[in-house]
Amino acid sequence: MKQIPLRTAAERLQFCDDYFSSVDARILMAKEDYREYQLPREIDKELTDRPYYWLWVDQTGQKPDPTILRLAFSPDALERENQRLHRETLERANSSSESHPSAPYFRPPVAELVSLGGFRLERIMDSVMARGRFICVRPKDGLRGRPVIPWLLMNAVVSYVCDLTEQNFISLGLCLTNDQIVNDFWQAIERIPMGVARWEEVVGPYDEDAVEAGLSRLRDYVGTKLRASPQTWAKEAELRLEEELAQLDLYYGSLVAEDGSDSDVLTVEHQQKRAELKQRAAPRIDIEVVQVALVGLVEVTAPSSRQ
Amino acid sequence: MEPQAIQSTSKTPAIQWHGLDFLSALSAYKENLHFGNYRSQEWTLFRLACLARQAKLANNFHELLVLHHVQGFQPLPHQVETARQVLQRMRGRAILADEVGLGKTIEAGLILKEYMLRQMVRKALILVPASLVLQWTRELNQKFNISCFAQRNHWSWSEYDIVVASLDTAKRLPHKDIIMAQPWDMLIVDEAHKLKNPKTKNWQTVNQIPNKFMILLTATPLQNSLKELHTLVTLLKPGYLGDPTVFAKEHARPEKNTSDMAQLREQVSRVMIRNRRIDGETNLPPRKVRSVSLTLGAKERELYDAVHRFLKDQYRERKSQRASLLPLITLQREICSSPYAAMMTLEKMLKRSRSGRTQATIRDLLALAESIPTYTKVERVLKLIPEIGDKCVVFTEYRATQDFLLFMLRRQGISAVPFRGGFGRGKKDWMKDLFSRKVQVLVATESGGEGINLQFCHHMINFDLPWNPMRLEQRIGRIHRLGQNHEVHILNFATEDTIEAHIVHLLQEKIRLFEMVIGNLDSIVGESVGNGDFEKQILEWSLTSETPEEFGEKLSTYGDQVLCAVQSRTESESLE
C-alpha cells in the first residue's frame with residue numbers, strides 16, 4: 001500500500017513551502033524546520049479565524065500590516081525559535097525606547113508548531129482543497145502548439161461505511177474523444193509538468209454538457225465496478241446488524257411483557273433505538289467527488305496502453 | 001477496490017454520491033479562463049489539494065489514524081490497544097473499566113478523535129462530574145486537538161459540536177429536552193457507576209440521549225451485584241445480556257455454575273475492557289513507605305491526655321443525650337494533627353456549651369494548648385524537608401494546621417505554597433505551576449487532593465492520616481500515578497501512644513494498604529469500610545476502651561475482617 005502523505009515533518013515543510021509560494025506569500029526567513037511567511041490579505045483571511053476583525057478592516061478601509069506566520073515543523077525548532085524571538089524582542093525594547101513606559105511589557109511573538117490535525121495545518125489544507133477543485137491544463141514547454149487529446153479527470157474518495165469506515169482514493173480518466181476509461185489516471189499524469197491553458201485549447205469543441213455526460217459515464221463505471229466486486233465487509237455488517245436488532249427487539253419485548261403501563265413510551269424509545277442502530281451499523285458506500293480536471297495530453301504521452 | 005472476479009453478489013450496499021455540485025462552479029471557472037484570469041501556480045495547488053485529501057484518508061479498518069494526531073505525549077501501549085479494541089471489536093460501544101489512574105481519559109480521547117478523523121463523529125456529548133468539566137475540556141483540546149467546549153448555557157448544546165458538561169446539568173430542564181433533540185454521534189459518560197440503577201434519573205437521561213457510539217468510563221463497573229453490570233450493558237446494547245428478569249434470576253443464585261460464569265465472562269469481555277496494574281504493562285515505580293515515630297513533648301502529652309479524658313466524658317454524656325458525636329470525632333482527629341487545629345474546635349465547643357463545668361474544662365484545655373512552646377510534628381517537618389532536599393507534598397486534614405505549617409516553613413526560609421479545595425480552578429493551576437517550577441513544598445489539605453497530578457514530585461509527608469483508607473489512596477494517587485518515573489517516598493507521622501500510632505499501624509502494617517492496588521481498595525470501601533461509619537467506629541473503640549492495648553486489639557480484629565474481605569474479593573474478581 002502506498003504511504004499516506006504528510007506523515008513526516010519534512011513532507012509538511014515541503015507542502016507548506018509549495019502552498020505559500022503558489023499563493024504569493026513571501027518567505028521572510030527559512031531555517032532548518034522553520035519558516036516565516038508574510039501573508040497576502042486574501043490568504044490571511046483564509047488561514048486565520050477572525051471574521052469580525054476583517055469585517056472591521058474592510059468596512060473602515062484600514063491597511064493593516066501583513067500578518068507574519070511563524071511556523072515550526074519540529075518541537076526543537078519551536079523551542080529554538082521562541083527563544084530567539086524572545087531575545088530579539090527584548091533587545092529591541094531595551095535599545096530603541098528606554099523611556100517608553102510599556103517597553104518591559106512587550107510580549108514577544110511566538111512561533112507555532114505545525115502538526116497533523118493542528119489548527120493551522122487544517123486551515124491550510126482546507127484552503128488548498130477549496131482552491132484546487134478544478135483545473136484545465138496541458139503539458140508545458142516544448143509541447144506547446146501541438147494538438148492535444150482532451151481527457152476528463154475525476155478524483156474521488158470511496159468510503160465503505162458501516163460501524164467503521166474505510167476509505168479509498170480513486171482516480172479515473174475518461175477520454176472525451178473515444179470514451180475510453182483509464183484507472184489510476186492521476187498517478188500517470190501527476191509528474192508531467194503542466195500549465196494552465198484556455199478551455200478551447202484543451203477541450204476543443206467540447207462544452208460543459210460533454211463534461212457533464214462524461215462525469216455521469218464515470219459514475220456509472222464506478223457503480224458497475226462496485227456492484228461486481230465482493231462486498232464481504234457489507235455482508236458481515238448486515239449480519240451483525242440483524243443480530244443486534246434481534247437483541248433489541250427481545251429486550252423491549254420483555255419490558256412490555258413485564259408491565260404494559262408505559263408501553264407507548266417504550267415503543268417510541270424502541271423505534272428510536274432501532275433507527276440509531278441502523279444509522280450506525282447499516283453498510284453503505286459514500287463517494288465524494290474531490291476534484292475534476294480537464295487535461296489535454298499530447299498523443300504520445302497518453303497512457304492509453306494502461307487500460 | 002480492484003474487482004477480483006465478476007460475481008453475482010446478491011446485495012451491494014446503497015451508493016451515495018457527494019460533491020456533485022461541480023458543474024455550476026465549473027462554468028464559472030470556464031468564464032474566468034476566457035478572461036485570461038488564470039495563474040500558472042494553479043497546477044501546484046491542484047496537486048497539493050490531491051495530496052491533502054489523501055493525507056486525510058481513513059484508508060483502512062486497522063490503522064489508528066489518531067496516533068499521528070496526538071500532541072505532546074505518547075499514549076501508552078495499553079491505551080492504544082484499548083482504543084483499537086473498542087473501535088474494531090466493540091464497534092464503538094464499550095465500558096472502559098480500567099483501574100484508577102491508568103488513563104481512561106486518554107483512551108476515551110483516542111477513540112473520540114479516531115472517529116472524528118474517520119468522519120463518523122461530528123457531534124459528541126461528554127458527560128463528566130462538574131468538577132472535571134474544565135479538565136476534560138483542556139485535555140481534549142491540548143492533547144488531541146479536539147476543539148471542544150465546556151457547556152455554559154442552554155445554547156451551548158446546539159452551538160458547539162463537541163460539548164463537555166455535567167450529568168447533573170444534563171438531566172435538568174430545560175437542558176434535558178434540548179439535548180434529546182440534538183443528533184449526537186457519540187456519547188461519553190465519565191464516572192458511569194452513577195448509572196447503576198435503571199430507576200434513577202441519571203440512568204434514564206443517559207438512556208434517552210440519542211447516540212450512535214457510546215463509551216462509559218468507570219473504575220468500578222460492579223460493586224455489589226451482577227445486576228449493576230447488566231444495567232450498564234443495557235445502555236450500550238439493550239438485550240445483549242438477555243432479559244433483565246431472567247438474568248437476575250440466573251445470576252442471583254448463590255450456587256454459581258462455572259460454565260455459566262465462563263459464558264458470562266466471555267460475553268462481558270465483548271463490551272468491557274479492564275486494564276489492571278497487576279497485569280504488568282502498566283507497572284509503576286515502587287512506593288517506599290516509612291512511618292516516622294514521634295514522641296510528644298511534656299506539655300503536648302499533658303494536653304493530649306487531658307483532651308482524651310475530656311473526650312471520654314463528653315462521649316458518655318452525649319451518648320446518653322443522643323447528641324451528635326461529630327464534634328468529638330473532629331476534635332479527636334485534630335488533636336492528633338496539631339494543638340493549633342484543636343484549639344479552633346475547642347473554642348467553638350466553648351461557645352456552644354451551656355454547662356459551666358464543661359466550659360471550665362475547655363478553658364483549662366485552651367490555656368494548656370496555648371502554653372505549648374513547640375509542636376513536635378512541625379519541628380520534625382522543618383527538619384525533614386532540608387534532608388529530603390527535593391520537592392515534597394505535605395498533606396494535612398486541617399486548614400488550621402495548614403496555615404500554621406506554611407507560616408513556620410516560610411519563617412525557616414523554605415518556599416511553600418498552599419493548596420486546597422476552596423481554590424478556584426485558576427488558582428489551583430497557578431499553585432501547581434509555582435510548585436512545579438519554583439517552590440519546594442506544597443502544603444495541601446485533603447479536599448484539595450482530587451484533580452491535581454503531581455508526577456514531578458517524589459516525596460510525600462502525611463502530617464496526619466485520614467481515617468478513611470480510600471481518601472488516603474486518593475492522596476497517594478496524586479504523585480504515584482502514570483507518568484511517575486521515580487520511586488515514591490511516603491512518610492507517615494505516627495505520634496507514640498496516641499490513636500494516630502494505632503491507625504498508622506493498622507493501615508500500614510496490618511492491611512498493608514500502601515502496597516495494595518487501588519482496584520482492590522475500591523471494592524472493600526463499598527463493603528466493609530463505610531465512609532463515616534469507619535471513623536465513628538474508631539472513635540467509639542478509642543473512647544470505650546479501658547486501656548490502649550484493648551483499643552489496639554479491636555483495631556487488629558477489624559484489620560483481619562478487612563483482609564478477609566479483600567481476599568474473597570480477589571477470588572471473585574476472576575469474573576471481571
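**Exercise 1. Find which residue of β1(B) stands opposite Glu288(A), then work out how the strands pair.**

Start at the residue: in this predicted model, Glu288(A) sits opposite His18(B), part of β1(B). Next, zoom out to the strands. Glu288(A) falls within β10 of chain A, which spans residues 284-297. That strand and β1(B) run parallel, paired over five bridges.

**Exercise 2. Glu288(A) also has a charged partner in chain B; identify this partner and check the distance.**

Look for a basic side chain: Arg53(B) is the one that forms a salt bridge with Glu288(A). The closest N and O atoms are 3.2 Å apart, and the pair counts because the cut-off is 4 Å. Across the whole interface of chains B and A, the rule picks up four salt bridges.

**Exercise 3. Describe the side of chain B that touches chain A, by polar contacts, elements and residue classes.**

Polar contacts come first: 17 residue pairs across the interface qualify, with both partners at pLDDT 80 or more. Now the elements: those giving at least two residues each include β1 (14-18), α1 (22-34), α2 (42-55) and α11 (244-252) of chain B. The largest share belongs to α2(B), with 14 residues. Finally, sort by class: 39 residues are nonpolar, 26 polar and 16 charged.

**Exercise 4. How many residues does each chain bring to the contact, and how much area gets buried?**

Count by chain: 81 residues come from chain B and 97 from chain A. Then take the area: the two chains bury about 8900 Å² between them. Of that, 64% lies on carbon and sulfur atoms.

Terms used. Residues are numbered from 1 along each chain as its sequence is written. Chains are lettered from A and ligands numbered from 1 in the order in which they are written. This is a predicted model: local features need pLDDT of at least 70, side-chain atom pairs count only at pLDDT 80 or more; totals for chains, interfaces and linings use all residues. Side-chain values use heavy atoms; hydrogens and water are left out. Contact means heavy atoms within 4.5 Å. Buried area is the accessible area (1.4 Å probe) that two parts lose on being put together, summed over both. A polar contact is a pair of N or O atoms within 3.5 Å; within protein, one must be able to donate a hydrogen and the other to accept it, and residues adjacent in sequence count only if both atoms are side-chain atoms. Helices (H or I, at least four residues) and strands (E, at least two) are DSSP runs, numbered from the N terminus. Ala, Val, Leu, Ile, Met, Phe, Trp, Tyr, Cys and Pro count as nonpolar, Asp, Glu, Lys and Arg as charged, and the others, Gly among them, as polar. Two strands pair if DSSP finds at least two bridges between them.
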